Amino acid sequence: MEKDVDELGKIDTFIKSKIEELDKENLANRQTPGCGKGTGVDRSRTTTTLSLKKKFKDNMSEFQALRESIHQEHREVVKRRVYIGSTFNLNIVLDTLAEIQERHDAVREVEKKLLD
């Protein structure tokens, strides 16, 4: 998935640069006689560029939502696996905890004797 995300990042950068180029071309086109700010040509170019920006933004938002959904599903799978694994290993954990507690108690007893 990371490979696809990296590839999408490259495409994202490319598309952003192309949209910026369109914005620059729109500004430059306003210098053409009959295509100044507010003319039909200018409005048409601006509207088309804004439409592309919105569509691009919507697609990127959709991708982010999909990516988050996949991550959430993965987290849930991992949680279930950990829960199942921890249930099977609970006795081992409890035995280990009891052993650690015994060692801790023994260390405290030695400390107490040393202090006395």
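**Exercise 1. The pair Asp 58 and Lys 54**

Asp 58 and Lys 54 meet through their side chains in a salt bridge. Determine how far apart N and O are in this pair, and which helix holds the two residues.

*Solution.* The model examined here is a predicted one.

Step 1. The N to O distance between Lys 54 and Asp 58 is 2.9 Å. The cut-off for a salt bridge is 4 Å, so the pair qualifies.

Step 2. Both residues belong to helix H2, where they stand four residues apart; they are therefore separated by about one helical turn.

Step 3. Asp 58 has a relative accessible area of 37% and is partly exposed, whereas Lys 54, at 52%, counts as exposed.

**Exercise 2. Two salt bridges in helix H1**

For the salt bridges Lys 16 with Asp 12 and Glu 21 with Lys 18, give the distance between the closest N and O atoms and classify each residue as buried, partly exposed or exposed.

*Solution.* Side chains of opposite charge can pair when their charged atoms come close.

Step 1. In the bridge between Lys 16 and Asp 12, the closest N and O atoms are 3.4 Å apart. The two residues are four positions apart in helix H1, which means a separation of about one helical turn.

Step 2. Lys 16 is partly exposed at 43% relative accessible area, while Asp 12 is buried at 14%. The assignment of Asp 12 follows because buried means under 20%.

Step 3. In the bridge between Glu 21 and Lys 18, the corresponding distance is 3.8 Å. Here the residues lie three apart in helix H1, again about one helical turn.

Step 4. Glu 21 is partly exposed, with a value of 37%, and Lys 18 is partly exposed as well, with 38%.

Step 5. The structure as a whole holds eight salt bridges, including the two treated here.

**Exercise 3. Contacts of Asn 29 and Asp 23**

Which residues do Asn 29 and Asp 23 contact, once neighbours within four places in sequence are left aside?

*Solution.*

Step 1. Asn 29 lies in helix H1. With a relative accessibility of 16%, Asn 29 counts as buried.

Step 2. The contacts of Asn 29 beyond its sequence neighbours are Cys 35, Val 41 and Arg 45.

Step 3. Asp 23 is also placed in helix H1, but its relative accessibility of 26% makes it partly exposed.

Step 4. Under the condition stated in the task, Asp 23 contacts Thr 49 and Lys 53.

Step 5. Along the chain, Asp 23 and Gly 34 are 11 residues apart, and 18 Å separates their C-alpha atoms.

**Exercise 4. Surface patches**

Identify the residues that form the nonpolar patch and those that gather in the patch of negative charge, and place one member of each in its helix.

*Solution.*

Step 1. The nonpolar surface patch consists of Met 1, Leu 66 and Ile 70, whose accessible area together is about 270 Å².

Step 2. Ile 70 is located in helix H2, which covers residues 40–115. Its relative accessible area is 37%, hence it is partly exposed. This value satisfies the patch criterion of over 30%.

Step 3. The negative patch on the surface gathers Glu 2, Asp 4, Asp 6 and Glu 7.

Step 4. Glu 2 is found in helix H1, spanning residues 2–29, and at 48% relative accessibility Glu 2 counts as partly exposed.

Methods: Residues are numbered from 1 along each chain as its sequence is written. This is a predicted model: local features need pLDDT of at least 70, side-chain atom pairs count only at pLDDT 80 or more; totals for chains, interfaces and linings use all residues. Side-chain values use heavy atoms; hydrogens and water are left out. Patches are made of residues with over 30% relative accessible area and no salt bridge: like charges are joined within 9 Å, nonpolar side chains (Val, Leu, Ile, Met, Phe, Trp, Tyr) within 5 Å. Accessible areas come from the Shrake-Rupley method with a 1.4 Å probe; for residues, only the protein chains shown count as cover. Buried means under 20% relative accessible area, exposed over 50%, partly exposed in between (1.4 Å probe, protein chains only). Lys and Arg count as positive and Asp and Glu as negative; His and the chain ends are not counted. The place of a charge is taken as NZ of Lys, CZ of Arg, CG of Asp or CD of Glu. Contact means heavy atoms within 4.5 Å.
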